[in-house]
Amino acid sequence: MRFTTHNEFSHFEFSEVHIAEIQMATGFFTMCLDNVTILPENSCNRDIRKMRANGLVFKIGEGRVTQLVEEGYKVYDPDGKLMRQLEDREVLPEEYPQVAEAFADGYVYSAVQQPVAGGYRYEFVIDGTDDRTYVMTVEGIGDSEDWDRFLNPE
């Protein structure tokens, strides 16, 4: 049986979620995620406890990446002296495909949704496989989630 929800972003927890696959293009945004927590308030959750799902397909309708920032970092020597500092860098749209490759097998550490005119803004903090952290903002008209089965939280 396939489970589907629409605009129930707040009925999931997207923290420490594994990204199996990501596809992003203008008007199209999809992530396949593992270890997503399904909250008891979710319309498909018949249990009264948190459940989990693997292979959850998260889609943002008419999704478009509005901002992608590669977070900076600081390097210190053993004495605590700053050796090098790299500032945050906004990733250019033409670089999105290369950066997206680093997202597959990475992790979403947090995800938030905010209403905006005509839809929603989603902000994801992603730890890429290139040892970098990114903040990605996607806007769209809404979200949908599809998965095959509920799993125990352990």
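**Entry 1: the ten-strand sheet**

I began with the strands and found ten of them forming an open sheet, in the order E1-E15-E7-E4-E3-E12-E13-E14-E8-E11, with antiparallel pairing. I noted the edges next: strand E1 (3-6) and strand E11 (89-90) each have a single partner strand, so one side of each is left without a neighbour in the sheet. A reminder to myself before going on: this is a predicted model.

**Entry 2: along E1**

I looked up how E1 is held to its partner. E1 and strand E15 (residues 142-147) pair in the antiparallel sense over four bridges. In that pairing I found Phe3 opposite Trp147 in E15.

Then I asked myself which side chains of E1 point to which face. Phe3 and Thr5 point to one face and are buried, while Thr4 and His6 point to the other face and are not buried. I jotted down the general rule beside this: side chains in a regular strand alternate between the two faces of the sheet.

**Entry 3: E4 and E7**

I moved on to E4 and E7, which run antiparallel and are joined by six bridges. Here I saw Phe29 standing opposite Ile60 in E7.

**Entry 4: aromatic rings**

How many aromatic pairs does the structure hold? I read off 15 aromatic pairs. I picked out Phe29 and Phe124, which are stacked, at 6.0 Å centre to centre and with 20° between the planes. I noticed that this pair links distant parts of the chain: Phe29 belongs to strand E4 (residues 28-34) and Phe124 to strand E13 (residues 119-127), 95 residues apart. I checked burial too, and both Phe29 and Phe124 are buried.

Phe124 turned up again with Phe58, this time in an edge-to-face pair, 6.1 Å centre to centre and 80° between the planes. This pair also links distant parts of the chain, with Phe58 in strand E7 (residues 56-61) and Phe124 in strand E13, 66 residues apart. I found Phe58 buried, as Phe124 is.

I then followed the ring pairs onward. They link Phe3, Phe9, Phe12, Phe14, Phe29, Phe58, Tyr120, Tyr122, Phe124, Trp147 and Phe150 into a cluster. I was pleased to meet Phe3 and Trp147 again in that cluster, having seen them opposite each other in E1 and E15.

**Entry 5: the three-strand sheet**

I found another open sheet, made of three strands in the order E2-E5-E6 with antiparallel pairing. Its edge strands are strand E2 (12-13) and E6, each pairing on one side only. I counted two bridges joining E2 to strand E5 (residues 36-38), and these strands run antiparallel. Glu13 is the residue I found opposite Thr37 in E5.

**Entry 6: Arg52**

I stopped at Arg52, which sits in strand E6 (residues 51-53). Which side chain of opposite charge is nearest to Arg52? I found Asp34, 7.3 Å away; Arg52 is buried yet has no salt bridge. I did find a polar contact of 3.2 Å joining the side chains of Arg52 and Asn54. Setting aside neighbours within four places in sequence, I listed contacts of Arg52 that include Thr37, Ile38, Arg149, Phe150 and Glu154.

**Entry 7: Thr66**

My last stop was Thr66, in strand E8 (residues 64-70). Thr66 counts as partly exposed because its relative accessibility is 35%, between the cut-offs of 20% and 50%. Not counting residues up to four places away in sequence, Thr66 touches Thr137, Val138 and Glu139. I also looked up Gly140: Thr66 and Gly140 are 74 residues apart in sequence and 9.9 Å apart in space, C-alpha to C-alpha.

Note on methods. Residues numbered from 1 in each chain as written. Predicted model: local features only at pLDDT ≥ 70, side-chain atom pairs only at ≥ 80, totals over all residues. Heavy atoms only, no water. Phe/Tyr/Trp six-rings, centres within 6.5 Å; stacked < 30°, edge-to-face > 60°. Buried < 20%, exposed > 50% of the residue type's maximum accessible area, 1.4 Å probe, protein only. Lys, Arg positive; Asp, Glu negative; His and termini not counted. Salt bridge = Lys/Arg side-chain N within 4 Å of Asp/Glu carboxyl O. Polar contact = N/O pair within 3.5 Å; in protein donor to acceptor, adjacent residues only side chain to side chain. Contact = heavy atoms within 4.5 Å. Pairing = 2+ DSSP bridges.
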